[in-house]
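Let's take a friendly walk through a protein model, looking at how its helices pack and what lies inside. Keep the structure open beside you as you read.

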Amino acid sequence: MQQVDATPLSDEELQGLDAYWRAANYLSVGQIYLLANPLLKEPLRPEHIKPRLLGHWGTTPGLNLIYTHLNRVIRHGERELMYVIGPGHGGPAIVANSWLEGSWTATYPNTTLDEPGMARLFKQFSFPGGIPSHVAPEVPGSINEGGELGYSLSHAYGAAFDNPDLVVACVVGDGEAETGPLATSWHSNKFLDPRRDGAVLPILHLNGYKIANPTVLARIGDEELAELLRGYGHEPFLVQGSDPAKVHQSTAAALDKCFQRIDEIQLEARTATSAVPRQAWPMLVLRTPKGWTGPRTVDDLPVEDIWRSHQVPLSGVRTNDQHLHQLEDWLKSYRPEELFDETGRPVAEVLDLAPSPSLRMGTSPHANGGVLTRDLELPPVADYAVPVKAPGAEDGEPTKVFGTFLRDVFRANEQHRNFRLVGPDETESNRLSAVYETTAKAWNGAVLDTDEHLAADGRVMEILSEHTCQGWLEGYLLTGRHGLFSSYEAFVHIVDSMVNQHAKWLKTVNRLEWRRPVPSLNYLLTSHVWRQDHNGFSHQDPGFIDHVVNKKAEVVRVYLPPDTNTLLSTMDHCLRTRNYINVVVAGKQPQPNWLDWDAAALHCARGISVWDFASNDDGDPDVVLACAGDVPTLETMAAVDLLRERLPQLKIRVVNVVDLMRLQGATEHPHGLHDRDYDAIFPPGVPTIFAYHGYPWLIHRLTYRRNNHNDLHVRGYIEEGTTTTPFDMVVRNNLDRYHLAMDVIDRVPSLRSRAISARQYFADQRTRHHAYVTTHGEDLPEVRGWRWGQQG
């Protein structure tokens, strides 16, 4: 790795930067420990210490150093920078710097730049009613939740896409670098277009230790590490040491070189008349001691530059006099009397080192993306609707039709460059390939003559890592742009933990008035459980819905459009929303179109509807057949057809649910139905047979408080899967039309004795199916050829 041999800082600038860094370190330690006496105007006593010591010190001094020097870069070049940190528990550092530069006070005016404000700053950290110990939504300038490691670099690239004037400095912890999501996200530089995108400056913080172990990258040697980083497509510059003066000079020199290289790469790409070869982007490797400037030993054990400095180096300060004295000496080592005046205000020499208000990283509008959000220009969705002469008379391919709408969303927003489609190599498979008529797939690697739809400025993002797709999209959304994640249903589970963090972020920002709403995180899950018969059990899992429903009701929405027009209406709605996680599950295979455009739009607006064309109950049903999902809808309609033929006197009500959260009560979810409306659709005492796309117990969970819950009987996926035919999949899970019809006979009291022959016929059909499918390898002719209203 290169070490820049230069000393760009004058003595005055060196002293100023060191003072700023010391001030940030002092404020960081104060947040972890102090409840009172923030300026040490009196000897430190146990009552000045917080009763519960929470926080992380080990990574903090390095983060403070980087923030300090990035401020210098901003001031010298009037640059627009964002700061993303992967070592999320370095929260004290970001809060300290935000307060020093004035961003914290601008956001929270009671935390003033004086002694009372400093006391509030200290008390609030990791304190009831305050802020978390890690970087969180409450922290100005942040987009990367610090509660979990691995996502910083993909978030940083997501922020840089389509932001040509922005540089995102991303600190990657060497512990974080061991995670799968982070390891894959190094490849994001192959998808960055230097002409139209901004830049990411990765900074590998190589301080050597995790919570209780050494880190891999710190122990493989410089040569192997350099080869690894160069292999990822970076030109690494090394800064190392423990002497603050030397490290300041080295950091300033290395950052100057990094930003010079960024400027050169972008200038070459933006002035060239033809494509230029992909360049190695610069990055910084910062090797400084873990817990730098903190206690070197505690209780005769080494602390600085080892894992013991990871969290709270001095844990017994309220009960151990030696620890208390060490803490006081530690705080005084930063010479706070030089950094803050008598009132507690940072001295002018420190304040003057902060960038101008419009360029402070803590008040970057990109980190409060709703400020910059521009509504998508959406074409009239009705123009894409398919004609429906009669319900179920003809098939459609929902995602293929939606792809044409998506194509024109790209076209309508081309000049704004504020929309991206991400997915793990599945855009074509998921029938969305119409988008390639407008845009290509982002790609900065080598291109062969046989390749299709690859371009540096493409707006479709495909990499075979769901983690990276998710991280890119989150970073893109949180900086104010729009997007859609298309995935196979079974494998979106890979990002379960990332969805957790994003849901928590959204839940928190909903109570922060200064955080402006950002575009929703939209999922289109297709190639779903019921149409993965060719891939088999490994590809069959509808459980992502269950995972999402666990999140706060104010944040999550789940939609199961049953056909083409309802998918169009649903997606048009989702692309307009803010601060939600919208999960849409829809098939890509040919399936019946049930509703014309007007009926589909009305159905989606209701979220749940009685399908009058399929019902004959005249307001007084013997049974309700409900369904949610495209295949469950098909099987329900086929079951109704069978019952109509075999039991024509039976009064059936058909209910379709497109908005799953309508099933919850109005007090539990904003979309929930009031009990009176629910009871009108599902009359108490009337059996309901519910065919559901996913695991059946979720429906019971959503409806357990409803009046007719004892009369609700749900069929869904019960972990029976294999490589088989489409109909055999539903038979294996007892979701097929024959089993639904048998359920009706079993649950309607008046049918149990007079519908024996019908029930026997339905059971025999299931037996015939088993024999036929294992002999012929395809479904029964009457199943393959079934159309609504034609035959049983």
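Before we start, one idea is needed: a helix axis here is a line fitted to C-alpha atoms over the stretch in contact, and the angle between two axes runs from 0 to 180 degrees between N-to-C directions. Please also keep in mind that this is a predicted model.

**Two helix pairs**

With that idea in hand, look at helix H13 (residues 398-412) and helix H17 (residues 564-574), whose axes come within 9 Å and cross at roughly 40°. This angle makes H13 oblique to H17. The crossing of the two helices, H13 and H17, is right-handed. On the H13 side, the contact is made by Pro398, Thr399, Val401, Phe402 and Phe405, while H17 brings Thr564, Leu567, Leu568, Met571 and Asp572. Sorted by type, the residues of this contact between H13 and H17 are seven nonpolar, two polar and one charged.

Now turn to H1 and helix H10 (residues 321-332), which pack at an angle of about 155° with their axes 9 Å apart. H1 and H10 are therefore roughly antiparallel to each other. Tyr26, Val29, Gly30 and Tyr33 of H1 meet Leu327, Trp330 and Leu331 of H10. In this contact of H1 with H10, six residues are nonpolar, one is polar and none is charged.

**A residue in H13**

Back in helix H13 you can find Arg407. Is Arg407 buried or exposed? Its relative accessibility is 16%, and buried means under 20%, so Arg407 counts as buried. Leaving aside residues up to four places away in sequence, Arg407 touches Tyr384, Ala434, Val435, Glu437 and Thr438.

**A covered helix**

How many residues of helix H3 (residues 91-101) are buried? The count is eleven of its eleven residues, and the helix is mostly covered. Among these buried residues are Pro92, Ile94, Asn97, Trp99 and Glu101. The cover over the buried residues of H3 includes helix H1 (11-33), helix H2 (60-77), strand S1 (80-85), helix H4 (103-107), helix H5 (115-124) and helix H12 (348-351). After H3 comes Gly102, with a positive phi near 100°.

**The nonpolar cores**

In soluble globular proteins, nonpolar side chains tend to be buried together. In this model, the largest nonpolar core holds 166 residues, and Tyr33, Tyr83, Tyr523 and Leu660 touch the most other members. H1 gives the most to this core, with ten residues. Take Leu660 as an example: not counting residues up to four places away in sequence, Leu660 touches Ile545, Val558, Leu560, Ala628, Tyr692, Leu698, Ile699 and Leu702. There is also a second, separate core of 47 residues, which includes Leu595, Ala691, Val748 and Val783.

**Two loop residues with positive phi**

Finally, here are two residues other than glycine whose phi is positive.

| Residue | Phi | Loop between | Relative accessibility |
|---|---|---|---|
| Thr293 | near 75° | strand S5 (281-287) and strand S6 (297-298) | 21%, partly exposed |
| Glu719 | near 65° | strand S22 (712-715) and helix H22 (726-732) | 37%, partly exposed |

Note on methods: Residues are numbered from 1 along each chain as its sequence is written. This is a predicted model: local features need pLDDT of at least 70, side-chain atom pairs count only at pLDDT 80 or more; totals for chains, interfaces and linings use all residues. Side-chain values use heavy atoms; hydrogens and water are left out. Buried means under 20% relative accessible area, exposed over 50%, partly exposed in between (1.4 Å probe, protein chains only). Helices (H or I, at least four residues) and strands (E, at least two) are DSSP runs, numbered from the N terminus. Contact means heavy atoms within 4.5 Å. Angles under 35 degrees count as roughly parallel, over 145 as roughly antiparallel, 65 to 115 as roughly perpendicular and the rest as oblique. A crossing is left-handed if the near helix is turned anticlockwise from the far one by less than a right angle, and right-handed if clockwise. Ala, Val, Leu, Ile, Met, Phe, Trp, Tyr, Cys and Pro count as nonpolar, Asp, Glu, Lys and Arg as charged, and the others, Gly among them, as polar. A nonpolar core is a set of buried Ala, Val, Leu, Ile, Met, Phe, Trp, Tyr and Cys residues joined through side-chain atoms within 4.5 Å.
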